[in-house]
There are 2 protein chains.
Amino acid sequence: MQPSVGERRSQSFDRVLSSMCTEPHPAARAAAEAFLASNPGDPATYDAVAELEAEAVDLLGELAGLAEPHGYVTSGGTEANVQAVHAARNLAESDDPNVVAPESAHFSFTKAAELLGVELRTVPTDGDHRADVDAVAAAVDADTALVVGVAGSTEYGRVDPIPALADLASDAGSRLHVDAAWGGFHLPFSGHDWGFDDAAVDSLTVDPHKVGRAVVPAGGLLARDARTLDALAVETPYLETPTQASLTGTRSGAGVAAAAAALEELWPDGYRAEYERAIDLTEWLAVELGGRGYPVVGPELPLVAVDLPDALFEAVRGEGWKLAGTGTGEARIVVMPHVDRGTLESFLDALDRLAGTVGV
Amino acid sequence: MQPSVGERRSQSFDRVLSSMCTEPHPAARAAAEAFLASNPGDPATYDAVAELEAEAVDLLGELAGLAEPHGYVTSGGTEANVQAVHAARNLAESDDPNVVAPESAHFSFTKAAELLGVELRTVPTDGDHRADVDAVAAAVDADTALVVGVAGSTEYGRVDPIPALADLASDAGSRLHVDAAWGGFHLPFSGHDWGFDDAAVDSLTVDPHKVGRAVVPAGGLLARDARTLDALAVETPYLETPTQASLTGTRSGAGVAAAAAALEELWPDGYRAEYERAIDLTEWLAVELGGRGYPVVGPELPLVAVDLPDALFEAVRGEGWKLAGTGTGEARIVVMPHVDRGTLESFLDALDRLAGTVGV
C-alpha cells in the first residue's frame, strides 16, 4: 500500500544538476506559506497579494533596467515567452506574422508558435552557440513581428548579442523579446548588455523561481510600454476588476509572495554574492571536467555542458544524479544555489569511479 | 514605509462571498508546504510530485466517472478550458474550426478563442440560465470542433443539459467539453447527469483548488482518450522526458501535492458532507433574501444570485464584503466551505442595517 500523501516528501536537491529551479530562500518559503490560499488573478478579492505583485514587478524592473515596468508574475518562463509572442502577434500589422529566434531559444517558443498560429523561423547559432546576427537578419522580413534574443540559454548558458539584435529588430519594424528566464538574476553582475537600459528591448522574461530563489511557480514578464499588456487583456465579467492580461486565470499567490520576499531579501547584494560564488565554482568545474579529457563547452554564466560517453552518462544517472542533455547529447550541469563545491566533488568522484566500471 | 513582506498577511476569508477559491484543507496545506520547491513540469527530476499527480488524476477520474482518465493538474479552470479548445482545434478536420458555447460559459473560452484563433459562437441561454439546446443546435455546423456545456455556471451555478448537448455534438462530429471547474466537487452528490459515465463527454474541467479544498493553483483537465493529450504535446529537449502537454511549462508542485492530499482526505465522504451542508445553507439564504423582497435566482448548486439596489451593493462592498456581480448586475454569493451560517447572518445584518442608511 502507498504511504499517505502526508508521509510523502519532495525530492532532495542533493543530486539535482539538471533543474533551473532550486531550494527557495527561507523568507520566500515563509511568504509562500502565508499566501497559499490567495489568487493574484482576482486582485480585488485578494488585494494583499496584488500589492505584493506590484512590488515584485517594480523590483524585477529595477533588476532589468526599467524604471516603470509593465508586467506580471507568470507561472514561469514558458508563460512569459508565450505572452511575449502573443502580444507581438496581436500588435502586428501583418496578417501572417512570423517570429525569428535562434535555435538556442527555449522550446516554449515552439509551444507559443503552435498555440498562436504564427510561423517560427529558427535560425542557426554561431560556432559558440550564440545567435548569429547575420542569420537572424536573413530570416527577418516585413512580416516579422518579433525577434527573440536569449540571455542565458538553457543548453549552454550563452548570452546573445542583444544590442545588435535590437537594432536589427528596430530597423525591421519588429519587436524584440529577451528570454532571460534563467540568466536574469546573474546578468546584472556579469557585465553583459542584456536589459532594457542596454538596448531597445520591448519585452523580457526573468523568473524569480529560478536563480531568484522564490518558490515554484513564479516567472516574470516585463514590458517597456503599457500597450504590450493591453494587447493581451481580455474582459473579466464577474471579477471585481475589468480585464486580465495573464495566460492563466487563477495564479499562484504563493509564487507572487515568495517572489516579493526573495527580491526584498536578496536584491541586489544577495544575488551579486550568488553570481560570484556560482561563476567561480562553474569555472572550477569546467577545468576539472576538461582535465579529465571530457570536451567542455566552457561557462559564460554558471552552466557547463560536457560531452560524456553515453555509458557514463547513463551510469551516473543510474546513481540518482539528475542530469539532462542538450539537443546534441552533452550533459548540462546547472550550478544553481543548491549546488556547492561538495556536490560537485561527489559528482566528479562518481564520474571517476564509474568511468572505470563502464570501461571508458 | 511599507512593512516587510514577511509581516504581510493574506486576506481573511471572513467576508469573501465572491471567490470560488477557499481556505484549503489542513492536509492540503501541509502537502503544499512539503512540495513548494518541486516542478511537476519536469517529472523526471521531480519524480515524487509526478507520482502524486498521477494519483490525483486517477481520483479526479473516479469523481467524474472515468475509470482510466488521461489528464493533468492545470493552473486552474482557465488553463483546462483553453487546453480543451486547443485539443479540439488541433484534432479538427476543418481549416476554420468553431466552438459553440452558451453565454453562461466562463470568460476563459473567450480567452481561448482569441489565443487560438478559433471562432467562438456564443448562444443565448434559456429563461433559467441554462444552455438552450435548440439554440446550440442552430449554431453548430460542419466546422464545429467543440461544443461546451457548463456544469455549475460561474454566474448562477446552473447545470446545462449535458446528455442532450453530448448527443448533439456527437451527431455533428464535434467534441463535447464540460466545464465543471467549480461544480465538479458537488455534482457527484447532487443527482445531475454531468460526467463521463452520464454522457459522451470528451473532456472535462474540474478544479481541486475550488470546492476540492486544495491550495491555489490546482485545476484539472480530464479526457476520455489519450489522443486529447497527444494533440497538445510538444517535444521537450533538455528535459529528461520527451513531451509536455501542459499550457505552462513549470507548474506548481504545491498545487499538485495539495490536490492529491485533499482528494485522499475528502473523496467521497468529506465532499458529500460539504455538498449537503452548503446546499442546505444556500437554500436558507435564498429564502432569507427573497423574504426581504430582493429578487433571487434560486440555487441549483451552492450559489445564489440576488438583485440588490446599486446603492446597497456598493454600501456592503464598502464594509469589506467581497462581492462580485453577474453580467446583468446581480450580486453573486458563492457558498464555499469557508462560508458558514454565521458569515451569512452577519451579511444579512449588514444588508438590513445599510438598507436603512442608503434609503432603499
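**Exercise 1. A salt bridge within chain A**

Which side chain meets that of A:D141 in a salt bridge? Classify both partners by exposure and locate each in the chain.

*Solution.* Start with the setting. This is a predicted model, in which local features need pLDDT of at least 70 and side-chain atom pairs count only at pLDDT 80 or more, while totals for chains, interfaces and linings use all residues. Residues are numbered from 1 along each chain as its sequence is written, chains are lettered from A and ligands numbered from 1 in the order in which they are written, and side-chain values use heavy atoms, with hydrogens and water left out.

Step 1. Apply the rule: a salt bridge is a side-chain nitrogen of Lys or Arg within 4 Å of a carboxyl oxygen of Asp or Glu. The partner is A:R121, at 2.8 Å from N to O.

Step 2. Place the two residues. A:D141 sits in the loop between α5 (133-139) and β4 (144-150) of chain A, and A:R121 in strand β3 (residues 119-123) of chain A, so the pair ties together parts that are 20 residues apart in sequence. Helices (H or I, at least four residues) and strands (E, at least two) are DSSP runs, numbered from the N terminus.

Step 3. Check exposure. Buried means under 20% relative accessible area, exposed over 50%, partly exposed in between (1.4 Å probe, protein chains only). A:D141 has 28%, so A:D141 is partly exposed. A:R121 has 22%, so A:R121 is partly exposed too.

**Exercise 2. A salt bridge inside one helix**

Find where B:R277 and B:E274 lie, then compare their exposure classes.

*Solution.* Step 1. Their side chains meet in a salt bridge, 2.9 Å from N to O.

Step 2. Both lie in helix α9 (residues 269-291) of chain B. They are 3 residues apart, about one turn of the helix.

Step 3. B:R277 is partly exposed at 29% relative accessibility, whereas B:E274 is buried at 12%.

Step 4. Look also for a network. In chain A, salt bridges that share partners join A:D128, A:R130, A:R158 and A:E300 into one.

**Exercise 3. The interface of chain B and chain A**

Describe the interface by contacts, area and composition.

*Solution.* Step 1. Count contacts (heavy atoms within 4.5 Å). On chain B, 77 residues are in contact with 77 residues of chain A.

Step 2. Take the area. The size of an interface is often given as the accessible area lost when the parts come together. Here about 6400 Å² is buried between the chains, and carbon and sulfur atoms give 57% of that. This is the accessible area (1.4 Å probe) that two parts lose on being put together, summed over both.

Step 3. Count the polar links. There are 8 salt bridges between chain B and chain A, while the count over all chains comes to 40.

Step 4. Pick one of the links. A:E51 forms a salt bridge with B:R8, the closest N and O atoms being 3.2 Å apart. A:E51 lies in helix α2 (residues 47-63) of chain A and B:R8 in the segment before α1 of chain B, so the pair joins two chains. A:E51 is partly exposed at 41% relative accessibility, but B:R8 is buried at 7%.

Step 5. Turn to the polar contacts (a pair of N or O atoms within 3.5 Å; within protein, one must be able to donate a hydrogen and the other to accept it, and residues adjacent in sequence count only if both atoms are side-chain atoms). Across the interface, 32 residue pairs are in polar contact, both at pLDDT 80 or more.

Step 6. List the elements of chain B. Those that each supply at least two residues of the side touching chain A include α1 (26-34), α2 (47-63), α3 (77-91) and α8 (253-266). The residues of that side divide into 32 nonpolar, 25 polar and 20 charged. Ala, Val, Leu, Ile, Met, Phe, Trp, Tyr, Cys and Pro count as nonpolar, Asp, Glu, Lys and Arg as charged, and the others, Gly among them, as polar.

**Exercise 4. Two buried residues of chain B**

Give the place, accessibility and contacts of B:G255 and B:H25.

*Solution.* Step 1. B:G255 is in helix α8 of chain B. Its relative accessible area is 0%, so B:G255 is buried. Not counting residues up to four places away in sequence, B:G255 touches B:V215, B:P217 and B:A218.

Step 2. B:H25 lies in the segment before α1 of chain B and is buried at 14%. A polar atom of the B:H25 side chain is 3.0 Å from the backbone nitrogen of B:A27. Leaving out residues up to four places away in sequence, B:H25 touches B:R213, B:E265 and B:L266.
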